[in-house]
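Reader: I am a first-year student and would be grateful for a close look at a single part of this structure. Could the aromatic rings be described with some care, together with what lies around them?

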Amino acid sequence: MRWALVKVSLAVTAMVVVAFAVPLGLVIREMARDRAFSNAEREAAAVAPALSITTDRDQLERVVASAGSDAGISVHLPAGGNGGADIGRRRATDEDIAAVRAMGRASTTEVQGGSTLLQPVALSSGEIAVVEVYVPESEVTNGVGTAWAVLAAVGAALIVGSVAVADRLGVRMVQPAQRLAEGAHELGEGKLGARVPEEGPKELRLAAVAFNSMADQVVQLLANERELAADLSHRLRTPLTVLRLNAASLGDGPAADQTRSAVEQLEREVDTIIRTARDARPRTAAAGPGAGCDAAEVVRERMGFWSALAEDEGRKWRVAGADRPVRIPVARADLAAALDALLGNVFRHTAEGTAFAVDLHNGEDAVIVLVSDAGPGIPDPEAAMARGRGSGSDGSTGLGLDIVRRLAESTGGDVRIGSSVLGGTEVRIWIQLDGRAPERRRGHRGSVRRRRGPRLTSSVNRPRSLP
């Protein structure tokens, strides 16, 4: 906007300067020409009285010399005049002189180096003499160049002044708009304290007032949402207490230990949700140098938890690529929650006895976690990825895959759903290690194995399963 105002001001001022300076310059040139020929007429008028009295050559030469430069004034007498026909230097042609005698009025004609004024004068004998006054070109243009230079300087000053004024006005308008854009950007990045000064033109002041009011409302709404999340999570403590007491009465055994461990983990998750909601800090965040977790360790731990249920339901399963450490910039609890969401979907939406697998692939700039099953598959992957839509079955909220998606996108990665080699669904979690977004490939959503980048190197173990 600032440069647009400067350009408009420059164009308008330039047009105004040209519209006034050019005609004024032409007028000055004509005035200089008129001044030069007026001087020539005065010189010719000084010689005319002597011609009306005498035609003596010597006397006329003295008169011409006293009237001005004898090189610029000449007298052309009739052919029968006393002492010859011409006094001084002739510049006009005979035709021009004869024409002036015939017309009986003054005339100008162009000659080499300038112009001449031919003034007819009646002699006492009744004949017509012609006084010629030479006007050089330098006299005609005297002062014109200076006038043009002054006009150009004035025009340039006007243009510079108008551009400066337009620039100041543009700054006054642009700066509030820039601050408004910066405030919106900061608010979009999660800086809820971003506000903009309410200054500038009236429209921008109103926009700033509306932005600040919107920011205050966003802060209030987020505070209400955090309080609601904390309150709802706190309500889970009562049924969790009952579950913990019931789990304590189960006695000894692997199933009882796993049940108690699950209840304890659920209590920790509820406490984490409450603290996160109260502190208004996101759980999934890009950690600093050295932070994160060992993805292989988390995969082994969660598969150890789900293997007991898989054994009860007669499901075959395998884990690949989790035999050596794989560091990722994701919190341990977040990766565990994502794996639990995907494995929970396998147990919830496939029949008992359906096999499943978890593969971990470690690459140069990314880590891929593949969770696949031999179930019926997902007919509409895009709809499944939509937050809150779910599958339409009981117990499905549509938030599990959204948890996985947010975890991947927090690192610059993504989530893809395709067909697995087991015949069912394969969910690929791309966890970026260097913060760069992975390559987005177009096309149908086929198997994610066909979408894997060439830079990844697989570290797959021999599969192990429960009979």
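Author: A residue counts as buried when its relative accessible area is under 20%, as exposed when that area is over 50%, and as partly exposed in between. The model considered here is a predicted one. W306 has a relative accessibility of 13%, and therefore counts as buried. F305, by contrast, has 26% relative accessibility, so F305 is classed as partly exposed.

A pair of aromatic rings is described by two quantities, the distance of the centres and the angle of the planes. Three aromatic pairs are counted in the model. One of them joins F305 and W306, whose ring centres lie 5.5 Å apart with 90 degrees between the planes. Planes over 60 degrees apart count as edge-to-face, and the pair of F305 and W306 is therefore given that name.

These two residues also belong to a cluster of aromatic residues, which is made up of F305, W306, F347 and F356. Within this cluster, F347 has a charged residue as a partner: R315 lies over the face of the F347 ring, at 4.6 Å from the ring centre.

A similar arrangement involves R91 and Y134. The charged end of R91 sits over the ring of Y134, at 4.1 Å from the centre of that ring. The strand β5 covers residues 128-136 and pairs with β1 in the antiparallel sense, over four bridges. In this pairing, H76 stands opposite V130 of β5.

Notes
Residues numbered from 1 in each chain as written. Predicted model: local features only at pLDDT ≥ 70, side-chain atom pairs only at ≥ 80, totals over all residues. Heavy atoms only, no water. Pairing = 2+ DSSP bridges. Helix = DSSP H or I, 4+ residues; strand = E, 2+ residues; numbered from the N terminus. Phe/Tyr/Trp six-rings, centres within 6.5 Å; stacked < 30°, edge-to-face > 60°. Buried < 20%, exposed > 50% of the residue type's maximum accessible area, 1.4 Å probe, protein only. Lys NZ or Arg CZ within 6 Å of the ring centre and 35° of its normal.
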